[in-house]
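Colleague: Hi! Could you walk me through this one? I'm new to it.

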Amino acid sequence: MAAATSDRAFNKWHPGEAVVQGIMNLPARVSIAAIINYLPEQHRIFYTTRLLFLPVTTLDEDGRPWVSILSSRDGQPQYISSPDTTSLRIQAYVWDNDPIIHNLVGGWVGSPRKPPLMSAIGLEPATRRRNKFAGYVTNASLESKTLTIDMKVNQALGLCPKYIGVRGLEPFSGAEPRTIHAKPHLEHNEQLPQDVIDFLNTADTAYLGTSFVARPDEEEMFPSRVGTNHRGGRPGFVRVRNDRRTLVLPNYGGNRLMNSMGNIQVTPFASLVFPSFSTGTVLYITGDAQNLFGAPARDIMPDSNVITTIQTTGFVFVHNALPLREEQSGVSISPYSPPIRYLAEEIPPVERYDDVMLTLLSARVHNDTLATFTWKASRPIKIAPSQNVVLELSDLIRVRSHQIIEWDEGRIIENDDCVRTWTVSVLPTAEEPRVFGITVRQVKGGSITPIMYRVVNKIAEGLEYNTKVDITPLNLTARLRGVGGDLPVPDPIAVCDGGRRLLWVAGGIGITPFLSLAQFVSDWAGKDVGLWDIAMVLSTREPDAILLLLNEAFHSVRNAKELRNFSFELHLFTPTPDAAGTPDGWPDIVKVHAHEGRIPENGSIFKQLGAKDREPHICGPLPFINTSMKAMANAGVDPEHVKRERFTY
């Protein structure tokens with residue numbers, strides 16, 4: 001399946017993916033080029049040195065997927081090796097009744113058939129690093145509970161970290177797997193026992209396994225495959241229907257490729273594995289799956305427009321199996337995880353998740369595609385530099401916008417949860433601890449930002465760009481679902497200890513985290529706290545708007561003619577450098593050097609700035625990050641030391 005002339009794993013989305021992307025109104029916004037047919041070097045390093053466990057999907061003789069959790073016997077990494085860019089060898093510890101044993105080394109494997117399909121997701125919960133891969137098994141053997149798998153990889157893809165909870169894991173030597181239930185095939189009238197349902201009601205993490213079985217006449221164009229994905233949320237986010245065997249999985253917005261749901265649309269089977277990192281218990285479930293959209297979904301789960309149901313046809317429940325335990329600090333649930341979505345047949349608890357209400361105070365349109373929105377929270381909130389906010393905008397989009405402008409929803413947001421994540425560009429202050437700003441790019445073909453822009457433009461009709469527009473009379477509100485982003489904050493370092501030498505690299509709207517960082521750093525510099533030496537490399541097609549935003553972030557040092565412990569050098573790459581003038585009030589101590597064109601890949605600008613001796617942080621679209629990372633590597637910067645943001649919320 002590896003393409004001879006392309007790095008792409010596939011040339012087209014398969015029929016199920018195309019159907020689901022169409023239902024979700026997504027076709028113009030996703031690219032299949034993201035799925036490649038080899039393992040990038042960083043993926044290979046990650047898999048072979050960092051993974052404490054590996055969720056893996058395989059198929060049984062009935063074509064049902066099962067997800068297993070593989071690890072070493074002692075809970076340490078390095079049980080995976082990678083001989084080359086398309087090969088992996090896994091030598092994992094397995095326990096009795098793990099479905100993978102039967103699926104890969106059981107008697108049915110000897111029958112004539114194609115090599116067994118397999119997929120996996122490599123995930124490090126402490127850092128939320130994650131990637132997935134898929135392909136087929138070339139050899140599998142079992143000896144003394146060590147399962148050895150040789151695998152050919154022909155698909156690799158980065159994933160969205162949005163709902164991954166942060167938890168530290170450590171090896172646990174007291175694991176003694178004990179099977180409580182082993183029912184690989186349920187009878188028609190059988191149900192899940194109460195201890196399994198109780199376990200499901202506390203689970204905050206699951207791994208979803210699906211498959212796509214191609215029709216014989218389409219196998220060459222759309223090869224059969226299996227997939228493994230992460231699913232996470234608040235404890236109990238997967239609900240169990242009153243029949244005590246159907247699981248309901250709400251759809252949360254992710255990378256929008258719709259691989260798993262697309263597989264289910266054609267091949268209606270799915271598997272979930274639920275690991276408990278506090279007790280080592282593992283629950284395996286497989287069953288008949290179905291995607292539901294719109295009214296049929298809301299009939300089952302009223303707060304969800306898109307769900308997947310899995311009617312259990314087999315399950316296995318094993319206690320104390322994982323040779324891993326979470327650290328005492330426990331898990332930090334992702335701030336993106338929405339409140340529990342209860343079933344229509346359930347009675348929700350009286351106390352629901354306490355969302356913070358936001359009111360839109362003002363807006364400023366900078367140009368045709370860029371605007372800043374200022375919000376006020378119902379209580380003080382703490383937001384660190386470069387963090388982001390998760391906003392639920394359903395009332396603004398579905399109700400209030402229609403009272404202000406004329407527009408037809410049609411299918412644009414029919415299955416959209418109206419939840420979006422944006423980096424905070426203006427931080428709350430001691431004087432205004434409830435007020436923050438987000439700078440937003442209008443997404444062409446998007447379902448949320450164009451409506452926000454039209455609402456503001458209606459109010460600001462006839463006003464010039466960058467004019468502050470008071471929005472408070474409209475009473476536009478949203479809910480704050482959470483605050484996210486775990487990049488380290490560059491706290492001050494004293495002169496005697498060498499200070500901070502920072503490198504900020506931004507592409508286009510990737511400027512947003514650096515706006516809050518510039519505000520944070522200039523506040524400290526204005527108080528003469530710490531030593532700051534900052535070099536920024538910025539690539540943009542709209543320098544006037546971006547420089548204006550930076551100028552406002554520098555408000556603490558705007559009038560300073562000299563600061564002995566603060567140096568900021570900006571290298572601006574733009575198609576029209578002659579037109580890139582600094583705005584009124586630009587601080588004299590921030591030096592700007594304008595360059596024509598793009599950042600050179602030879603690394604010359606980064607060598608000039610001494611990048612290898614700085615703390616690098618990069619943000620922007622993926623193509624920009626890839627080329628800039630090459631340029632930094634050419635200047636001697638270690639890629640593993642670069643803090644990266646790619647808007648994959």
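Modeller: Happy to! Let's start at a hairpin: β6 and β7 have two residues between the strands, and Ser-144 there takes a positive phi near 50°. Strands here are DSSP runs of E with at least two residues, helices are runs of H or I with at least four, and both are numbered from the N terminus.

Colleague: What should I know about the model itself?

Modeller: This is a predicted model, where local features need pLDDT of at least 70 and side-chain atom pairs count only at pLDDT 80 or more, while totals for chains, interfaces and linings use all residues. Residues are numbered from 1 along each chain as its sequence is written, and side-chain values use heavy atoms, with hydrogens and water left out.

Colleague: Back to that hairpin. How many bridges join β6 to β7?

Modeller: There are 12, and the two strands run antiparallel. Strands pair if DSSP finds at least two bridges between them. Asn-131 stands opposite Gly-158 in β7.

Colleague: And which residue is the bridge partner of Gly-122 in β6?

Modeller: Asn-131 again. β5 and β6 run antiparallel too, joined by eight bridges. Their hairpin has four residues between the strands, and Arg-128 takes a positive phi near 65°.

Colleague: New topic: how many cavities of 30 Å³ or more does the structure hold?

Modeller: Seven. A cavity is a set of points, on a 1 Å grid over the protein atoms alone, where a 1.4 Å probe fits but cannot get out; lining residues have an atom within 4 Å of a point. The second largest cavity has about 190 Å³ of space. Of the 20 residues lining the second largest cavity, the closest to its centre are Lys-132, Gln-155, Val-226, Gly-227 and Asn-259.

Colleague: Which element gives the largest share of that lining?

Modeller: β11, with five residues. Other elements giving two or more residues include β5, β6, β7 and α5.

Colleague: Last one: is helix α9 largely enclosed or not?

Modeller: Largely enclosed by the rest of the structure, because 12 of its 15 residues are buried, meaning under 20% relative accessible area with a 1.4 Å probe, protein chains only. Among the buried residues of α9 are Phe-514, Leu-517 and Val-521.

Colleague: And how far apart are the end C-alpha atoms of α9?

Modeller: They are 21 Å apart, which agrees with the 21 Å that its 15 residues should span at 1.5 Å a residue; the expected span is 1.5 Å times one less than the number of residues. After α9 comes Asp-528, whose phi is positive, near 60°.

Technical notes: Buried < 20%, exposed > 50% of the residue type's maximum accessible area, 1.4 Å probe, protein only. 1 Å grid on protein atoms, 1.4 Å probe; cavity = no way out; pocket = protein on both sides within 12 Å on 5 of 7 lines; lining within 4 Å. Points joined across faces, edges and corners; volume = space filled by probe spheres on them.
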